[in-house]
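Please open the model in your viewer and keep the selection panel at hand. The stops below are meant to be taken in order, each with something to select and something to look for.

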There are 2 protein chains.
Amino acid sequence: MNYLEKRILEDGIVIDEKILKIDSFLNHQIDPKVIKEITSEFFDYFKYRVITKVLTIEASGIAPAIMMAAHLQVPMLFAKKSVPSTLSTDDKYSTLVHSFTKNKTSEVIISKEYLSPDDKVLIIDDFLANGEACLGLVDLVNQAGGEVAGIGICVEKSFQPGRKRLEEAGHDVFSISRIASLEGNKVTFVDE
Amino acid sequence: MNYLEKRILEDGIVIDEKILKIDSFLNHQIDPKVIKEITSEFFDYFKYRVITKVLTIEASGIAPAIMMAAHLQVPMLFAKKSVPSTLSTDDKYSTLVHSFTKNKTSEVIISKEYLSPDDKVLIIDDFLANGEACLGLVDLVNQAGGEVAGIGICVEKSFQPGRKRLEEAGHDVFSISRIASLEGNKVTFVDE
C-alpha cells in the first residue's frame, strides 16, 4: 500500500457509494507531503518517456502538475474554465467537458501559443471517474497536433468508466490509487 | 533586478496601461523555474515568521502556494469559487470578491474545517491590483479567528490601490515584482 492509499484510509471520508471526500489533503487543503509522494510515483513510472509539457485542468490538478513539472524541468500548462480577457477567440483551442457531479457541460480552453505539434504531453489530474476531464485534455492535445505521452492520475475510481474510455482511445493510464469500491461505507482498493 | 522581473521584461506583453500578459510563464503556462525563484524569495522574506498554513485562491495562486507550502512544510489551502458537493452551507466561511477585469462579484469559500483560531496564515497570490482577492482571503482568515502572518505577491501593480488597502488594514505585503507603470507600452518597476 502506497502513501496516498494510506492517507485515503486514514483521512478520506466516504460520502456515498460514488463520492469520496479527500479535501483535507488533496483537493481543497493540500498536504505538500502527499503531493511529493505522488510526484515521486509519477516520476518512477514516466521517467523513460519523452515529455515536453505537463497538462492539467484547473483547479485541483494544478498542485500535482506543477510539482511534477518541476521534477521533470518542463513547463506546466493548465486548461481554463473561463476565457481570460487577454485571449481572443481565434487564439484558443476549446473543448467541452461534462461534469456529472455538477450536471453541467462547460467549455475548457488553452491558448494555442502553448501547445504545438512538437509537444509530448503528460496529462495529470487529481481524480479519474468518468474520464470527461481527461478526454477533454486529450482532445486539446490532439487539436494542437501534439502527442499524449501518458496520463497520470492521483485517485482513480475504478468502478467508473474513465480508465476504460481512455485505454480504448489508446492511452496509457497510471493511477497511484485505484479504488475498486466505496460500498458499505468502506474504501476497497483494486488488487487488495 | 530579480529573476521574475527579468522574465517579465523578456516575455511579458503589455496589452494596455492596466493589463500585463504573463501567461507564458506564470498564470496559464507556468515555468517551474519561475515558481522556484519566487518561492525562494518568499522564503527569504518570511522565514522568521510563525506560519501554520499557506492560503491562496484558485486558480493561478495554487502553483506558487503549493511550492511555498512544500518549502515551509505546512498545509496549503485554496479558496474555491464554487461550492463543492461535499460541503454543506453551514460548514463554510464565505466572502465576496469583486473582479474588475470580469466586472463580476463572486462568492469565494473555504471549509471551516481547515482554518482555526490557532492558524498563522501566509496569503499568497499571483497578482495584486485592487486587492479584492487578498482582502477576501483576509476576511476568511478573520472569520476563522486566525491571524494573517503576511501577504506574498508575485506581481504587484503598484499603480493600483491593492497594496495601500492591505497596508491600511495592518498587513505586511511583500511583492517580488512591483510595477510602477505600464504606460508607453513599457514595463517600469518601482525603484528603477
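The tour goes from strands to the interface and then to individual side chains.

This is a predicted model, in which local features need pLDDT of at least 70 and side-chain atom pairs count only at pLDDT 80 or more, while totals for chains, interfaces and linings use all residues. Residues are numbered from 1 along each chain as its sequence is written, chains are lettered from A and ligands numbered from 1 in the order in which they are written, and side-chain values use heavy atoms, with hydrogens and water left out.

**Stop 1: strand S9 of chain B**

Select residues 147–157 of chain B, which form strand S9; helices (H or I, at least four residues) and strands (E, at least two) are DSSP runs, numbered from the N terminus. Of the 11 residues in S9(B), 10 are buried, where buried means under 20% relative accessible area, exposed means over 50%, and partly exposed lies in between (1.4 Å probe, protein chains only).

Now add strand S8 of chain B, residues 120–128, which pairs with S9(B) in the parallel sense over 8 bridges; two strands pair if DSSP finds at least two bridges between them. To see one of these bridges, pick Ile124(B), whose partner in S9(B) is Gly152(B). Add strand S10 of chain B, residues 173–181, which runs parallel to S9(B) and is joined to it by 6 bridges; here Val155(B) has Ser177(B) as its bridge partner in S10(B).

Next, show the helices that lie between these strands along the chain. S8(B), helix H4 of chain B (residues 132–143) and S9(B) make a right-handed β-α-β unit, right-handed meaning that, with the strands pointing away from the viewer, the path from the first strand over the helix to the second runs clockwise. The chain then crosses from S9(B) through helix H5 of chain B (residues 162–168) to S10(B), and this β-α-β crossover is right-handed.

Before leaving this region, select Pro161(B), which lies in the loop between S9 and H5 of chain B. Pro161(B) is partly exposed at 38% relative accessible area, and, leaving aside neighbours within four places in sequence, it is in contact (heavy atoms within 4.5 Å) with Ala129(B) and Asn130(B).

**Stop 2: a sheet with strands from both chains**

Which strands form the open sheet of 7 strands? The order to follow is S11(A)-S10(A)-S9(A)-S8(A)-S4(A)-S5(A)-S3(B), with mixed pairing. The edge strands, each pairing on one side only, are S11 of chain A (188–189) and S3 of chain B (29–30).

**Stop 3: the interface of chains A and B**

Colour the two chains separately: 38 residues of chain A are in contact with 38 residues of chain B. Together the chains bury about 3,200 Å², 63% of it on carbon and sulfur atoms; buried area is the accessible area (1.4 Å probe) that two parts lose on being put together, summed over both.

Across this interface there are 2 salt bridges, a salt bridge being a side-chain nitrogen of Lys or Arg within 4 Å of a carboxyl oxygen of Asp or Glu. Glu113(B) forms a salt bridge with Lys21(A), and the closest N and O atoms are 3.0 Å apart.

**Stop 4: salt bridges within a chain**

Side chains of opposite charge can pair when their charged atoms come close, and the structure holds 28 salt bridges over all chains.

Begin with Glu168(A) and Lys164(A), whose closest N and O atoms are 3.0 Å apart. Both residues lie in helix H5 of chain A (residues 162–168), 4 residues apart, about one turn of the helix. Glu168(A) is exposed at 59% relative accessible area, and Lys164(A) is exposed at 55%.

Move to chain B and select Glu107(B) with Lys92(B), a salt bridge in which the closest N and O atoms are 3.0 Å apart. Glu107(B) lies in strand S7 (residues 104–111) and Lys92(B) in strand S6 (residues 92–99) of chain B, so the pair ties together parts that are 15 residues apart in sequence. Here Glu107(B) is partly exposed at 32%, whereas Lys92(B) counts as buried at 15%.

Finally, return to S8(B) and S9(B), where the side chains of Lys120(B) and Glu147(B) meet in a salt bridge (3.4 Å, N to O). This pair links distant parts of the chain, 27 residues apart.
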